[in-house]
Amino acid sequence: MGTHRRPRQRAKGGSRARTAATITLAGAATATGLGGTGHADPQPTAAQVRAKVDKLYQEAEVATEKYNGAKEKADAAERRLEELRDEAARKEDGLNSAREALGSAAAAQYRSGGLDPALQLALSSDPDRYLDGAAFVERAGSRQHATVGRVRKELRDVERLRGAARVEAASLKSRRAELKRHRETVTGKLEKARRLLSRLTAEERAGVGDRASRSAPGPREGLSASSQAPNSRAAAAVAYAYQKLGSPYVWGATGPNAFDCSGLTQAAYRAAGVSLPRTTYAQIDAGRRVSRSELLPGDLVFFYSGISHVGIYVGNGRMIHAPNPSAPVRVAPVDEMPFAGATRVA
């Protein structure tokens, strides 16, 4: 019989390996040839970046006004807490004086052969125990009855003030947590805007935030606007706003060297002797509403459906406002943002 030669076997898996390599190379070639660069996200245009930044600035301003409102409430809570603590301290001083007087009387009674039950209750270190025994105190016909009654009232007042202080301290803690949330929202949006702007050249960044005229108004323009104001307080507010042209925008700032939008209007009217609330939401209700056709210098003009931006009208369809971190306090057309309403403060 002839010798039969066993056919050579291919290396195990070799065909599969070559097939996989072929597919991989083909896929790579296809990706390169058909869409290797097409799969990457297209770079936004300068106009798209500016639009996104403007949106971030508006969102940051909404959060800024919420921050301003929360801060106003937190400051008020802190003042109330301090007042309660001061009042409680004064009451405690009065209570201690009354207790010392009772202590002297108690010592005298003890030396003479007994301690009035009323004094025992008044000198107790446990206010609850004292108040529980109030009826017994009232039945005690001692010479110290009036003093005991005064101590009883002081004890109640002190406990009431301490309770109110605890409630106010809890409120303040909540307000501070709210402040932190709004602060993080503002800073996060401003940081996103900063990163987007860093992609643009200086020329491309022009126009971000508003479309205000870059020409600086002269002193005559400021005098003219003030002279058209409906009263002296509005004129003083307009004059203040002109003096602050070029001041930087800083969120949460109320002057004298930096402002956010509602901080500028508040500072302007403060200089005119008028106290305005801190936020845009409250400022729009701080005077008499006027229509756009009735606007006079000194009127507050508000923008966006959420009333998140405000400026001071100066005539000829223009206002002075603090736009956003990309632009200082400046003159701008009223129609550059969605008009929401106007208020005549003074």
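How many of the residues in the protein are buried? Buried residues, meaning those under 20% relative accessible area (exposed is over 50% and partly exposed lies in between, with a 1.4 Å probe and protein chains only), make up 40% of the 346 residues. The model is predicted, so that local features need pLDDT of at least 70 and side-chain atom pairs count only at pLDDT 80 or more, while totals for chains, interfaces and linings use all residues. Residues are numbered from 1 along each chain as its sequence is written, and side-chain values use heavy atoms, with hydrogens and water left out.

**Overall build**

The protein has 11 helices and 6 strands, where helices (H or I, at least four residues) and strands (E, at least two) are DSSP runs numbered from the N terminus. With contact taken as heavy atoms within 4.5 Å, residues 24 or more positions apart account for 65% of the contacts that have a separation of 6 or more. The accessible surface, from the Shrake-Rupley method with a 1.4 Å probe, comes to about 19900 Å², and 51% of this surface belongs to carbon and sulfur atoms.

**Nonpolar cores**

A nonpolar core is a set of buried Ala, Val, Leu, Ile, Met, Phe, Trp, Tyr and Cys residues joined through side-chain atoms within 4.5 Å. The largest one has 31 residues, and Phe259, Tyr269, Leu300 and Ile320 are those with the most contacts inside it. Two or more residues are given to this core by each of α9 (232-243), α10 (261-271), β2 (300-303) and β3 (309-315), with the largest share, 7 residues, coming from α9. Once its neighbours within four places in sequence are left aside, leucine 300 is in contact with a list of residues including Thr265, Tyr269, Leu276, Val310, Ile312 and Val345. Apart from the largest core lies another, of 13 residues, among them Ala46, Tyr57, Ala193 and Leu200.

**Aromatic pairs**

The structure holds 3 aromatic pairs, counted when rings of Phe, Tyr and Trp (its six-membered ring) have centres within 6.5 Å; planes under 30 degrees apart count as stacked, over 60 as edge-to-face and the rest as tilted. Two of these pairs are set out below.

| Pair | Centre to centre | Angle between planes | Class |
|---|---|---|---|
| Tyrosine 67 and tryptophan 251 | 4.8 Å | 75° | edge-to-face |
| Phenylalanine 303 and phenylalanine 339 | 6.1 Å | 80° | edge-to-face |

Because tyrosine 67 lies in helix α2 (residues 46-111) and tryptophan 251 in the loop between α9 and α10, their pair ties together parts that are 184 residues apart in sequence. Tyrosine 67 is buried, with a relative accessible area of 9%. The other pair joins strand β2, which holds phenylalanine 303, to strand β6 (residues 339-344), which holds phenylalanine 339, and so ties together parts that are 36 residues apart in sequence. Phenylalanine 303 counts as buried at 0% relative accessibility, whereas phenylalanine 339 is partly exposed at 27%. Arginine 292 lies over the face of phenylalanine 339, at 4.9 Å from the ring centre; a charge sits over a ring if NZ of Lys or CZ of Arg is within 6 Å of the ring centre and within 35 degrees of the ring normal.

**Arginine 278 and alanine 74**

Arginine 278 is found in the loop between α10 and α11 (280-283) and is buried, with a relative accessible area of 8%. Its side chain is joined to that of serine 262 by a polar contact of 2.8 Å, a term for a pair of N or O atoms within 3.5 Å, of which, within protein, one must be able to donate a hydrogen and the other to accept it, while residues adjacent in sequence count only if both atoms are side-chain atoms. Not counting residues up to four places away in sequence, arginine 278 touches Glu65, Glu72 and Asp260, among others.

Alanine 74, in helix α2, is buried at a relative accessible area of 4%. The C-alpha atoms of alanine 74 and serine 171 are separated by 8.1 Å, although the two are 97 residues apart along the chain. Beyond its neighbours within four places in sequence, alanine 74 is in contact with Leu172, Arg175 and Leu179.

**Backbone features**

Most residues other than glycine have a negative phi, and most peptide bonds are trans. The peptide bond from glycine 255 to proline 256 is cis, with omega near 5°, and proline 256 has its place in the loop between α9 and α10. Tyrosine 304, in the loop between β2 and β3, has a positive phi of about 75° and is buried, with a relative accessible area of 18%. Asparagine 316, in the loop between β3 and β4 (318-321), has a positive phi near 55° and is exposed, with a relative accessible area of 77%.
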